[in-house]
Amino acid sequence: MTGESWLDLACHPSTHTEAVRAIQVAVRRSADAELKITFRVDGDVPRISISPPSTPRFARELWRHTCFEAFIAVEGQAAYHEFNFAPSGEWTVYALSGYRNGGPVADEILRPQIAMRSTDSRLELDALVRLDSLSAIHPHASLRVGLSAVIETSDGLSYWALHHPTDKPDFHDANGFTLLLEPPGPEE
């Protein structure tokens, strides 16, 4: 797998929560078509609304509560996939041909592996996505990735992303897909 470095997510200026101090993400892409993403939330975790663990399953509208997201597009293409990872282990994958143009795909072949750990001061969620389940092109292409989180507390929802390109939270804006992942070499 490629080396690990942590990227900071920023809270959108129109939203706020006292419960979260920072959210960071580490992304590792391997030569065997795996994309491993670790979200790390530092803060007052008991104040964050977290769905209890359940059987991993496809579920809709996970973004209405605490949820972590990855948007994956092949460099130069308008089409992208949106992954939603819930602390409960529930997941959703959307296939979109362009900006918000598409819908959910309840195909078990796309199911990510999700694991969560938490203490009173830190929540970590690992998600493993098989790029070859998206297409034959994804494992070998340069990818544009957007990473984001929706955090629910008693304060309401806060929206976190690598980059917020507009004055309203909009994770689907391709200008927010700022992480470029080159194809790994065979030894990675």
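**Exercise 1.** Find which residues Phe68 touches, leaving out residues up to four places away in sequence.

*Solution.* Start from the source: this is a predicted model, in which local features need pLDDT of at least 70 and side-chain atom pairs count only at pLDDT 80 or more, while totals for chains, interfaces and linings use all residues. Residues are numbered from 1 along each chain as its sequence is written, and side-chain values use heavy atoms, with hydrogens and water left out. Next, apply the contact rule (heavy atoms within 4.5 Å). Phe68 then touches Phe39, Val41, Phe83, Asn84, Phe85, Pro87, Leu123, Leu125, Ser148, Ala149 and Ile151.

**Exercise 2.** Place Phe68 in the largest nonpolar core and find which element gives the largest share of this core.

*Solution.* A nonpolar core is a set of buried Ala, Val, Leu, Ile, Met, Phe, Trp, Tyr and Cys residues joined through side-chain atoms within 4.5 Å. Buried means under 20% relative accessible area, exposed over 50%, and partly exposed in between (1.4 Å probe, protein chains only). The largest core has 39 residues, and Phe68, Phe85, Leu147 and Ile151 touch the most other members. Strands (E) are DSSP runs of at least two residues, numbered from the N terminus. Among the strands that give two or more residues to this core are E4 (67–74), E5 (80–85), E6 (91–98) and E10 (143–153). The largest share, five residues, comes from E10. A second, separate core has nine residues, including Val150 and Phe177.

**Exercise 3.** Describe how E6 pairs with E5 and with E7.

*Solution.* Two strands pair if DSSP finds at least two bridges between them. E5 and E6 run antiparallel and are joined by six bridges; one partner pair is His81 and Ala95. Five residues lie between these strands in their hairpin, where Gly89 takes a positive phi near 100°. E6 also pairs with E7 (residues 101–104), in the antiparallel sense, over four bridges. Here Tyr94 has Pro104 as its bridge partner. The hairpin of E6 and E7 has two residues between the strands, and Arg100 takes a positive phi near 55°. Of the eight residues of E6, six are buried.

**Exercise 4.** Find which residues of the lining of the largest pocket lie nearest its centre.

*Solution.* The lining has 16 residues, and Trp63, Glu69, Glu82, Arg100 and His172 lie nearest the centre. A pocket is an open set of points on a 1 Å grid over the protein atoms alone, where a 1.4 Å probe fits, with protein on both sides within 12 Å along at least five of seven lines; lining residues have an atom within 4 Å of a point. E6, E7 and E11 (156–161) each supply at least two lining residues.
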